[in-house]
Amino acid sequence: MATMVQAIRMALHVGESRLGVTDIFGEDVGPPLGGAFTATQNLDTAWNSPLDERGIVGVAIGLALAGAKPVCEIQFCDYAFNTIDLLKIAGNTHWACAGDWNVPLVMMTPVGAGIRGSIYHSHSFDAQATRIPGWKIVMPSNPLDAYGLMLSAIVDPNPVMFLKPKALLRVKAKAGERLPGEPDDDKLLAKMIDTPVSPAERAKWKPQWPELQEHYVPIGKAKVARPGSHVTVVTYGRNVPMALAAADELAAEGVDAEILDLRSLHPYDWDAIRESVKKTHRVLCVNEDTEVTNFGEHILRRVTEELFYELYAPPTLLAGAHVPGIGLADALEHASVPTKEKIRAAISELARHEP
Amino acid sequence: MTIGASTVKKQGPDARELAPELCVRLHDLMLRARLLEERLITMYRQGDGYFWIGGPGEEAFSVPLGLLVDKGQGIHHDYLHLHYRASGTLLALGADPVDSMRQMKNTATDPYSRGRNFASHYTARKWNVAPVSSPIEVQYSIAPGTAMAQRKPGCKGITVVTGGDAGTAEGDFATCLVWSSRKGSELPILIIVTNNQYGISTPYAGQHGEARISDRGKPFGMETATIDGNDVETAYHGVKRAIDYVRTERKPYLLEVMVSRLYGHSSASGANFVKDEDDCLARFERRLEERKILTRAVMDEQRAKITQEFLEASKRVREEPQPEPHQIWEHVFATKNLVGGEA
């Protein structure tokens, strides 16, 4: 089974060979590195940009205006903060000029904690990203969705931000979640598309891309990652597998949690949230961005306003601590972001809450 | 330190006289651009608009630019990433001055933004005019993108970006220099800085140590020039020379154009006529009289006629519908890839 980073790379290969992607670029995106996480290895249209995030976003906008199809990368979202007014322009151009131009670009960036990244390689971006109207924002939790969301992002006529949960980039897909066309043998896949480490082997090596079929995950559609009846957990990215693991443990105690993988943060699948909450009457939002002015707060506000009389327990947010950074030491990182244990405790408390 | 337009000498090829027919055309467009800005300022004063910003004083540069670019849509024509002082360029491209009044009055009929944006925030995809946005200098980070798309073999289109002297303090200006001049990946881009010697209220010396902004292109190996943008003959030749270089060599060119700011920064600073600035239109009219191309009487008559025409147009615009509240939801997302050729 492919890892998420392999799935993204295969989606970009499909993008450049069949869907019109013209430029895949950013810091270390081209050869020799092929991306800090290898997501852009061996792609024909990948190139290295100057170490200039504003230039990366600006040039992506310009390429898009000129009819090209750029996929740009900000190496870590921690370095996207100085691009925010350019992100605003990408998001507001179509609206500001009343439909004269559109800006079809994809910006991808690794987000979140989980790799001991310390203060400047652990940021989340979902709260910032969802504050910029005009963008579509997606965040996969598994390789197959990463593949399908990237293809949807590439063909969308709008700017699409593809948030890569960095802790999941090297996690393999689960059984039954093979990409269409991916070989059955993991080792064979690695041999086909992963650049060899040794320089001698690398010199004579060429990628052999599998015969991949297109698979689109529609932007704006959530997925029920685990059906359940007692509590709805609305989450995305790295917290999905942790919520699933927590739910599996709680099942032994008779708590049946439904895990809703949002996949798209904007536009988000309100119908799916509403249906689930009307069934379980209890809702927990989980994400690891800092908790003040958090995207989960928006979801909970809407749940409270529109589904108030459906609720049997206070709608709850489990998010990152509102501290200036994620500390490097294990104890500091774990204390800053949701963990499986914290998710489990939050679900358990909600399930047992009596009005 | 002062860098007055008068310190930039008119010599060599810039001293060549323009043909009388071209002079008449340039004068008509410069006069229209000036009278349009003055009409927009009056509209603002009369309550027919909330804010004015524009380019009176830059016509001797902005009009030639509009006439000299290869106008059209797509990478085989020239892209324009303009700032908010470009009415002269738009009129020279063929824009209807009444549309500028519609944007001033934020009507539903405003073709540039349907009542959403300030005056002089133009856009015209049919002519490759990228949307003007209020933050200064961001266009200098975006412009290398269209220029990069124009590196295709056989492509003759170029990218032109304009902005002011004060904006060059932003990192986006450095971005433009760096991305345009990478060895082996040089971009066909004309980087223009109009130097009016002010950043809103801060004089040039308060924010620049460099003698010439155009000097900043030299370490990047760029062709550079500083020209007198108040002299239309100099500006015409200077812009043409720069465009021709970029089109032929497929390399960047940094052009600094010394201009005036005849009505201040914007309505926020009063939008009153500044008497001690060099007026490019008055200078050009004196020259037209000297060369016996147009008489004072003809030019006065023309001014009166256009003034009346714009006054009447502004009255009509006043009666045009305003946008409806529900229209805020229009164009949040595109449903078609217009720039990709979908209609």
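This report walks through strand 3 of chain A, helix 5 of chain B and a five-stranded sheet in a predicted model.

## Ground rules

Local features here need pLDDT of at least 70 and side-chain atom pairs count only at pLDDT 80 or more, while totals for chains, interfaces and linings use all residues. Residues are numbered from 1 along each chain as its sequence is written, with chains lettered from A and ligands numbered from 1 in the order in which they are written.

## Strand 3 of chain A

Let's start with strand 3 (residues 70–73) of chain A, where Pro70(A) and Cys72(A) on one side and Val71(A) and Glu73(A) on the other are all buried. Buried means 20 or more other C-beta atoms, placed from the backbone, within 10 Å of the residue's own. Strands (E, at least two residues) and helices (H or I, at least four) are DSSP runs, numbered from the N terminus.

Strand 3 of chain A runs parallel to strand 1 (residues 23–26) of chain A, joined by four bridges, and Val71(A) stands opposite Ile24(A). In strand 4 of chain A, Val71(A) has Val106(A) as its bridge partner.

## Helix 5 of chain B

Helix 5 (residues 138–149) of chain B is largely enclosed by the rest of the structure, because twelve of its twelve residues are buried. Among them are Tyr140(B), Pro144(B) and Met148(B).

## The five-stranded sheet

In chain A, five strands form an open sheet with mixed pairing, in the order 7-9-8-11-12; strands pair if DSSP finds at least two bridges between them. Its edge strands, strand 7 (223–226) and strand 12 (316–320) of chain A, each pair on one side only.

Strand 11 (residues 283–290) and strand 12 of chain A run parallel, with four bridges.
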